[in-house]
Amino acid sequence: YLNKGTDILDIADEVHAIFGFCDIRNFTDATEIFQEEVMVFVNTIADIVHSIADEALGAANKNVGDAFLIVWRVGPKDEMPVEGEKLDPGSARTNLADLALHSLLCMHLEIGRAYQLKKFVDNPKMKERIGKNFRIRLGFGLHYGWAIEGALGSHYKVDVTYLSPHVNMAATLESETKKYGVPILISGECYDLFSPYVQTYCR
């Protein structure tokens with residue numbers, strides 16, 4: 001509860017979290033070709049991304065056109081392990097990290113097979129521009145670090161958001177997936193949180 005006279009815009013806290021950033025490929029082309037249907041296109045993808053993240057204990061945070069930020073809040077600063085401390089493979093942090101990666105894999109697969117998106121995949125103009133093998137694809141970046149959590153905006157418009165270089169790192173990882181030709185890139189900090197079993201599936 002807020003104390004009387006406390007302004008919600010003045011409240012902020014440092015938290016540690018796993019940040020998942022995802023971006024829709026070929027979005028400029030989709031906007032030009034789908035026209036007014038592009039809103040249905042984005043919202044259909046958003047529904048898939050958000051519902052899978054929610055099932056995996058993540059929270060949808062930002063929607064910026066073709067990009068989405070998903071946050072798995074690990075805890076406040078004073079609950080974090082000291083530097084060099086070995087993580088317990090069964091800890092809540094490890095379980096959340098495993099869930100975060102699992103949810104990104106599920107998003108990748110579901111976007112590829114979702115019947116609701118079939119009419120967009122079959123659009124002849126998209127196939128003509130992108131190629132006959134056009135598929136709806138997302139790129140993902142996954143990173144673990146700290147951020148300042150708080151309300152951003154004014155009394156006219158307020159959003160709960162996360163500000164830090166670590167959020168930007170997740171976005172940078174996502175952008176680099178195009179260079180490496182892979183759907184998901186994971187930082188070393190996030191990899192270190194995974195259980196040993198999940199780490200064996202990473203390269």
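This is a short exchange on the nonpolar patch, cores and aromatic rings of a predicted model.

Mentor: In this predicted model, local features need pLDDT of at least 70, side-chain atom pairs count only at pLDDT 80 or more, and totals for chains, interfaces and linings use all residues. Residues are numbered from 1 along each chain as its sequence is written, and side-chain values use heavy atoms, with hydrogens and water left out.

Trainee: Why is leucine 152 called partly exposed?

Mentor: Its relative accessible area is 45%. Buried means under 20%, exposed over 50%, and partly exposed in between (1.4 Å probe, protein chains only). Leucine 152 is therefore partly exposed.

Trainee: What makes the nonpolar surface patch?

Mentor: Trp146, Ile148, Leu152 and Leu163 make a patch of about 330 Å². Patch residues have over 30% relative accessible area and no salt bridge (a side-chain nitrogen of Lys or Arg within 4 Å of a carboxyl oxygen of Asp or Glu); nonpolar side chains (Val, Leu, Ile, Met, Phe, Trp, Tyr) are joined within 5 Å. Strand E4 (residues 138–153) gives the most, 3 residues.

Trainee: Which residues have the most contacts inside the largest nonpolar core?

Mentor: Among them are Ile18, Phe41 and Trp72, in a core of 44 residues. A core is a set of buried Ala, Val, Leu, Ile, Met, Phe, Trp, Tyr and Cys residues joined through side-chain atoms within 4.5 Å. H2 supplies the largest share, 9 residues. A second, separate core has 11 residues, including Val15 and Phe19.

Trainee: Which residues form one aromatic cluster?

Mentor: Phe34, Phe41 and Phe120. Rings of Phe, Tyr and Trp (its six-membered ring) pair if their centres lie within 6.5 Å. The whole structure has 6 aromatic pairs.

Conventions: Patch = residues over 30% accessible without salt bridge, like charges linked within 9 Å, V, L, I, M, F, W, Y side chains within 5 Å. Areas by Shrake-Rupley, 256 points an atom, 1.4 Å probe, with all protein chains shown as cover. Helix = DSSP H or I, 4+ residues; strand = E, 2+ residues; numbered from the N terminus. Phe/Tyr/Trp six-rings, centres within 6.5 Å; stacked < 30°, edge-to-face > 60°.
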